[in-house]
Each structure stands twice: as C-alpha cells, then as structure tokens.
Amino acid sequence: MSTKLELHAHSREDVGKGASRRLRRQGERIPGILYGGGAEPVKLTLENRELTKVMMNEAFFSQILDLSVDGTSEQVILRDLQRNPANDKVMHIDLLRIRADRTLQVSVPLHFIDEERCEGVRLEGGSISHLLNEVEISCLPKDLPEYVEVYMAELKLGEIIHLSDLAMPEGVSIVALDHGDDRAV
C-alpha cells in the first residue's frame, strides 16, 4: 500500500428510495452503507465532491480506505458502487469493514510494463492484446498490493502470459488459480 485514502461520512436515520433521492438532489450527497466486520450495518451519507476527488485515484477501487463516520475511524474497502447509466454519477456506495485477521478477496488492476520494448512487437511485427485488465486476489489486508505488474519486454511473437506466470507478492494468491482456472492475461 502506498497512499492512504480517507473518506468522511455521516450516519443517517432516514432510509428508503425517497430519502436517498432527496440526499442526491438537495445537497450533492451520496447515500451508502457500511457493513461487515462483525458489527451492525450503518447507513451513511457522503459528500459527492469529496467522493469524486478520492475516486480519481486508481487505488480507491482496490485499496484499504480510512473511513471516518461521525468522528470514529474504521478501515474499509469498496464493495460496490452504483452509477446512473445516463450520466455516470454515483448513486450509492457499499463499503465493507475489514479485519486484520481475515483474508479478503479484491480485484486489483494489472499494470503492463515495457509494452513498447516487447520483442514480439518491436522485432517480429506482432501486436499486444489484453484479455484482462484486473485480477481477483485473496490476501490479508496487510498484504494487499495496489496493483499487479505484468512484464512484457521479453514476450516473443505468439507467446501468452497466463495467470500462473504472474509474480505475486508473498501472502497474495490469485482466486482463479485456486479454482484451477489458468486464463491468459
């Protein structure tokens, strides 16, 4: 983990479709929920401006976030984000509490390194095609990587990089490999 991302939220009492619409319409607020970790779910309200700013960082979608709810801080991960299909605005956010002793499954982005120096493209006239842009991993929260690097420089024409070829940090495993599915990246 490199950067700490922080969100501030307030708990809310009013629930339902009408209450959520009022939040979004009146004060540029986003309804949400915080659940998991052996505690009761908490209905939240987040500032749309703050959420939009934090979402600009790619790590928001796969990293541990520090969430402050009415002054109490907790560590969470993003579980779901619902958007309006017409204008792509966030309509609802689901956050999951994490516990340091429990493994979690998160999708992390793949960063393709040295594509411009790939032997198969540069010397043999090939092209690179990505089948995956992210991979679901399983690990303890302390081992969660921000992204997984895929090195492309040594790739020759006709070669494929499979999930099993990826170098994973210690304590991190790919969920698909645990189920016997070795797809191409």
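How many bridges join strand β1 to strand β4, and in which sense do the two run? Keep that question in mind while you get your bearings; the model on your screen is a predicted one.

**The whole chain**

Start with the cartoon view. You should find 4 helices and 10 strands, arranged from the N terminus as β-α-β-β-α-β-β-β-β-α-β-β-β-α. The C-alpha trace spans about 60 × 40 × 30 Å along its principal axes. If you colour by accessibility, buried residues account for 40% of the 185 residues in the chain.

**Stop one: strand β1 and its partners**

Now select residues 5-11, which form β1, together with residues 65-69, which form β4. Here is the answer to the opening question: 5 bridges join these strands, and they run parallel. For a landmark, pick Ala9, whose bridge partner in β4 is Val69.

Next, add residues 39-47, strand β3. β1 pairs with β3 in the antiparallel sense, over 3 bridges. Click on His10 to see this pairing, with Thr45 as the bridge partner in β3.

**Stop two: a four-stranded sheet**

Move on to β7 (104-113), β8 (134-139) and β9 (148-151), and bring in β10 (173-174) too. They belong to an open sheet of 4 strands in the order β9-β7-β8-β10, with mixed pairing. Look at the two edges: β9 and β10 stand there with a single partner strand each, so one side of each has no neighbour in the sheet. In the middle, β7 and β8 run antiparallel and are joined by 6 bridges. Zoom in on Leu104 and you will see Cys139 of β8 standing opposite.

**Stop three: the nonpolar cores**

Keep that sheet in view and show side chains for Leu110, Val135, Leu144 and Leu166. Of the 25 residues in the largest nonpolar core, these four touch the most other members. Two or more residues of this core come from each of β7, β8 and β9, and β7 gives the largest share, 5 residues. A second, separate core has 21 residues, with Leu67, Leu78, Leu81 and Ile93 among them. As background, nonpolar side chains in soluble globular proteins tend to be buried together.

**Stop four: an aromatic pair**

Select Phe60 and Phe61. The chain has 1 aromatic pair, and these two residues form it in an edge-to-face arrangement, 5.1 Å centre to centre with 85 degrees between the planes. Is each ring's residue buried or partly exposed? Phe60 counts as buried because its relative accessibility is 0%, while Phe61, with a relative accessible area of 37%, is partly exposed.

**Stop five: two pockets**

Stay with Phe61 and turn on the surface. Phe61 is one of the residues nearest the centre of the second largest pocket, along with Ser62, Val106, Ser107 and Glu134. This pocket has a volume of about 250 Å³ and is lined by 15 residues: 7 nonpolar, 3 polar and 5 charged. β5 (72-83), β7 and β8 each supply at least two of the lining residues.

For the last selection, go to Ser127, Ile128, Ser129, Leu155 and Glu159, which lie nearest the centre of the largest pocket. About 300 Å³ of space lies inside this pocket. Its lining of 21 residues divides into 13 nonpolar, 6 polar and 2 charged.

How values were computed. Residues are numbered from 1 along each chain as its sequence is written. This is a predicted model: local features need pLDDT of at least 70, side-chain atom pairs count only at pLDDT 80 or more; totals for chains, interfaces and linings use all residues. Side-chain values use heavy atoms; hydrogens and water are left out. Rings of Phe, Tyr and Trp (its six-membered ring) pair if their centres lie within 6.5 Å; planes under 30 degrees apart count as stacked, over 60 as edge-to-face and the rest as tilted. Buried means under 20% relative accessible area, exposed over 50%, partly exposed in between (1.4 Å probe, protein chains only). A nonpolar core is a set of buried Ala, Val, Leu, Ile, Met, Phe, Trp, Tyr and Cys residues joined through side-chain atoms within 4.5 Å. Two strands pair if DSSP finds at least two bridges between them. On a 1 Å grid over the protein atoms alone, a cavity is a set of points where a 1.4 Å probe fits but cannot get out, and a pocket is an open set with protein on both sides within 12 Å along at least five of seven lines; lining residues have an atom within 4 Å of a point. Grid points are joined across faces, edges and corners, and a volume is the space filled by probe spheres set on the points. Ala, Val, Leu, Ile, Met, Phe, Trp, Tyr, Cys and Pro count as nonpolar, Asp, Glu, Lys and Arg as charged, and the others, Gly among them, as polar.
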